[in-house]
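Student: Please take one part of this model and go through it closely. I would like to hear about the largest pocket, and about whatever helps to place it.

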Amino acid sequence: MITRILPDFVTAAESYGDEPAAGLFPEEQRHAATMCPVRRREFATVRHCARRAGLRLGVPLAPLLPGPRGAPRWPDGVVGSLTHCAGYRAAALARAADVRALGIDAEPHRPLPDGMLDRIALPEEQAHLHALRRPAGDVCWDRLLFCAKEAVYKVWSPLTRAWLGFDEASIVFAPAGDAPTGTFRARLLRAAPAGSADRLPPVLHGNWLAAPGLLLAAIVLPRDSVDTP
Ligand SMILES: CC(C)(COP(=O)(O)OP(=O)(O)OC[C@H]1O[C@@H](n2cnc3c(N)ncnc32)[C@H](O)[C@@H]1OP(=O)(O)O)[C@@H](O)C(=O)NCCC(=O)NCCS
């Protein structure tokens, strides 16, 4: 399903449960040693997805350990993103020659817990969600906002190695007619730290999809997207 919101130069693999065949490299096993069994299975399955996607891209199998701020350390020449939520795991990979950064996020398709929207949404975003609710009642826009913001962070963080708060990006959704899918744009309200500003445009463009039980968001920053003045 994630491939529906990714360009064809990004490869992806997904799973709707844990894969009994998912194995870990010794380095990954050591990292996962203190995880509870549920987290360890999720950790292994999403890496199994990454290796399946990597095979299609021609990337040799290698341990996939967390780097700065938890972002996966991809092999040289590769960029990617991982996500997991109840009943879903996915990995998306691309060649660094094609893509500067990418972020995917999956969330259960249900409203956010009470009080959480106020913690993650700017006033302008709350007004935007209110306007969206009127024509289409079948998308949990509040959870989709959270999903899109997590995808933003997965693009921002590996490029900047800095934190980005929920109030530091402003999201606007554009539904594709009546279909539960569409695009979004994320305006970054915080300047990228020195040294990374030339790698991040001030507005990121993404795609989203709402399915029964599952919300997906993806942002792909093509390599040439910020090189041209
Ligand atoms: C890191 C974060 C985005 C992960 O999202 P999540 O919905 O909790 O979890 P997901 O299952 O979708 O993603 C988890 C995967 O994200 C990846 N990840 C973790 N930290 C990351 C980072 N800093 N950058 C990129 N990817 C990261 C990892 O691969 C992780 O899986 P793994 O631990 O098995 O390797 C989230 O926990 C977080 O810290 N959010 C706060 C920051 C934020 O979102 N700000 C909003 C900016 S507008």
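**Pocket, cavity and domain contact**

Tutor: Start with the enclosed space, since one helix helps to place it. In this predicted model, α2 is the top contributor to the lining of the largest cavity, giving three residues. The whole-structure search turns up one cavity of 30 Å³ or more. The largest cavity holds about 120 Å³ of space. Its lining includes Ala 50, Arg 51 and Gly 54. Val 59, Pro 60, Leu 61, Ala 62, Pro 63 and Leu 64 line the cavity too. Trp 74, Pro 75 and Leu 93 are also among the lining residues. By class, this lining has 10 nonpolar residues, one polar and one charged.

Now the open space. The largest pocket contains about 910 Å³. Its lining counts 39 residues. Nearest the pocket centre lie Gly 70, Ala 71, Pro 72, Trp 74 and Pro 158. Trp 74 therefore deserves a second look: this residue lines the largest cavity and is also one of those nearest the centre of the largest pocket.Which elements supply the pocket lining with two or more residues? They are α2 (37–57), β2 (78–85), β4 (99–108) and α5 (141–160). Of the elements, β2 gives the most, with seven residues. The helix α2 thus appears in both linings: it leads in the largest cavity, and it gives two or more residues to the largest pocket.

The chemistry of the pocket lining is mixed. It divides into 18 nonpolar residues, nine polar and 12 charged. For the largest cavity, the charged count is one.

Next, the location. The chain is divided into domain 1 (2–99) and domain 2 (105–225). Both domains give residues to the lining of the largest pocket, so the pocket lies between them.

What does the contact between the two domains look like? Their centres, taken over C-alpha atoms, are 22 Å apart. Domain 1 puts 20 residues into the contact, and domain 2 puts in 23. The size of an interface is often given as the accessible area lost when the parts come together. Here domain 1 and domain 2 bury about 1600 Å² between them. Of that area, 67% is on carbon and sulfur atoms. The salt-bridge count between domain 1 and domain 2 is zero.

To put the picture together: the largest pocket, about 910 Å³, lies between domain 1 and domain 2 because both of them line it. The largest cavity, about 120 Å³, has Trp 74 in its lining.

Conventions
Residues are numbered from 1 along each chain as its sequence is written. This is a predicted model: local features need pLDDT of at least 70, side-chain atom pairs count only at pLDDT 80 or more; totals for chains, interfaces and linings use all residues. Side-chain values use heavy atoms; hydrogens and water are left out. On a 1 Å grid over the protein atoms alone, a cavity is a set of points where a 1.4 Å probe fits but cannot get out, and a pocket is an open set with protein on both sides within 12 Å along at least five of seven lines; lining residues have an atom within 4 Å of a point. Grid points are joined across faces, edges and corners, and a volume is the space filled by probe spheres set on the points. Helices (H or I, at least four residues) and strands (E, at least two) are DSSP runs, numbered from the N terminus. Ala, Val, Leu, Ile, Met, Phe, Trp, Tyr, Cys and Pro count as nonpolar, Asp, Glu, Lys and Arg as charged, and the others, Gly among them, as polar. Domain bounds come from an automatic or database domain assignment. Contact means heavy atoms within 4.5 Å. Buried area is the accessible area (1.4 Å probe) that two parts lose on being put together, summed over both. A salt bridge is a side-chain nitrogen of Lys or Arg within 4 Å of a carboxyl oxygen of Asp or Glu.
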